[in-house]
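Work through the exercises below with the sequence and the 3D view at hand. Try each task before reading its solution.

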Amino acid sequence: MIEARHLRVLRAVATTGSFSGAGRELGCTQPAVSQQMKALEASVGTPLLIRTGRAIRLTQAGEALVRHASGILAGLTAAEEEVAAIAGLRAGRVRLVSFPSGSSTLVPTALAALRAAHPGTRVSLEEAEPPESVEKLRAGDCDVALAFRYEGAAGAEEWDDLFVRPLLGDRLVALVPEGHRLAHAQSVAIGELAGEPWIAGCPRCRGQLVEVCESAGFAPRIDFATDDYPAVVGLVGAGLGVAVLPQLAIESVRPRGVRPVALEPVVRREIVALTLPDLAHVPAVAATLEELARAAVR
């Protein structure tokens, strides 16, 4: 295997025409230059230099290697500089995947702070709900996944193989039309909404709604289902039903014609930022996790 340090010595010998001249250029002794040249010749399996008295000239193989050495060493220098820039957060890339309400609340604040602190770091954003976002992370299609899971939910995912940065507990809130009989209540038990028509959210949230309602002794009558939170708010505001949404989702829209009411008993979803254990040590990824954590402080 050809080592970069040996190439540097060969180039110096070719440039200066002697071991002593190469030693002066590289800041080492003549015997050290001679040793490294012997090691390089042994690794390539052919002579690279012809020594005639005090003069040194290159063999055909030596000339070929010197011709390639400049490009190889320049490439290594460029690689070292790029890695140093990434390590120092002067450069780098982070591929972030987030669920929609996280994209509109936590992500903008986090990315604005990240850009201000490290303008050379580029972040791309794609939207996906868990578990799809988590699958993307495990498949190597992203570097950070903003995800959630409901406390005590049946079949909650295992994240033992991932680095988990907890962000916040997001409480579920009942949403009723402004003219609803419970619009001005301080809190509402889920069972009090048993006879209402329901507007359900994303499939994951829909499943959680059914579980919560069934634990209160009834099955919700779901008249409408949509992944779009503004559509949920609009349908509730039009008096077409009631809904249960995470607080973060309500923050992400302008709730017109509706009233949020605290839900009892308290149900929360855990919001986390996930990455692979090795990626957690990459400076740009670590900085992104830190800014997401700061954005989640409420």
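**Exercise 1: two packed helices**

Find how helix H1 (residues 4-16) and helix H3 (residues 30-44) pack: at what angle, and how far apart are their axes?

Solution. The angle is about 115 degrees, and the axes lie 9 Å apart. Axes are lines fitted to C-alpha atoms over the stretch in contact, and angles run from 0 to 180 degrees between N-to-C directions. Helices (H or I, at least four residues) and strands (E, at least two) are DSSP runs, numbered from the N terminus. Roughly perpendicular covers 65 to 115 degrees, so H1 and H3 are roughly perpendicular to each other. On the H1 side, Arg5, His6, Val9, Leu10 and Val13 make the contact (heavy atoms within 4.5 Å). They meet Val33, Gln36, Met37, Ala39 and Leu40 in H3.

The model is predicted: local features need pLDDT of at least 70, side-chain atom pairs count only at pLDDT 80 or more, and totals for chains, interfaces and linings use all residues. Residues are numbered from 1 along each chain as its sequence is written, and side-chain values use heavy atoms, leaving out hydrogens and water.

**Exercise 2: a strand and its partner**

Decide whether the faces of strand E10 (residues 243-246) are covered, then find how E10 pairs with strand E6 (residues 163-177).

Solution. Start with one side: Ala243 and Leu245 are buried (under 20% relative accessible area, 1.4 Å probe, protein chains only). On the other side, Val244 and Pro246 are buried too. Both faces are therefore covered. Next, E6 and E10 pair (at least two DSSP bridges) in the antiparallel sense, over four bridges. Leu172 has Pro246 in E10 as its bridge partner.

**Exercise 3: one residue**

Which residues does Leu58 touch, leaving out those up to four places away in sequence?

Solution. Locate Leu58 in strand E2 (residues 55-58). Leu58 touches Leu10, Ala14, Leu48, Leu49, Glu63 and Val66.

Key
Buried < 20%, exposed > 50% of the residue type's maximum accessible area, 1.4 Å probe, protein only. Parallel < 35°, antiparallel > 145°, perpendicular 65-115°, else oblique.
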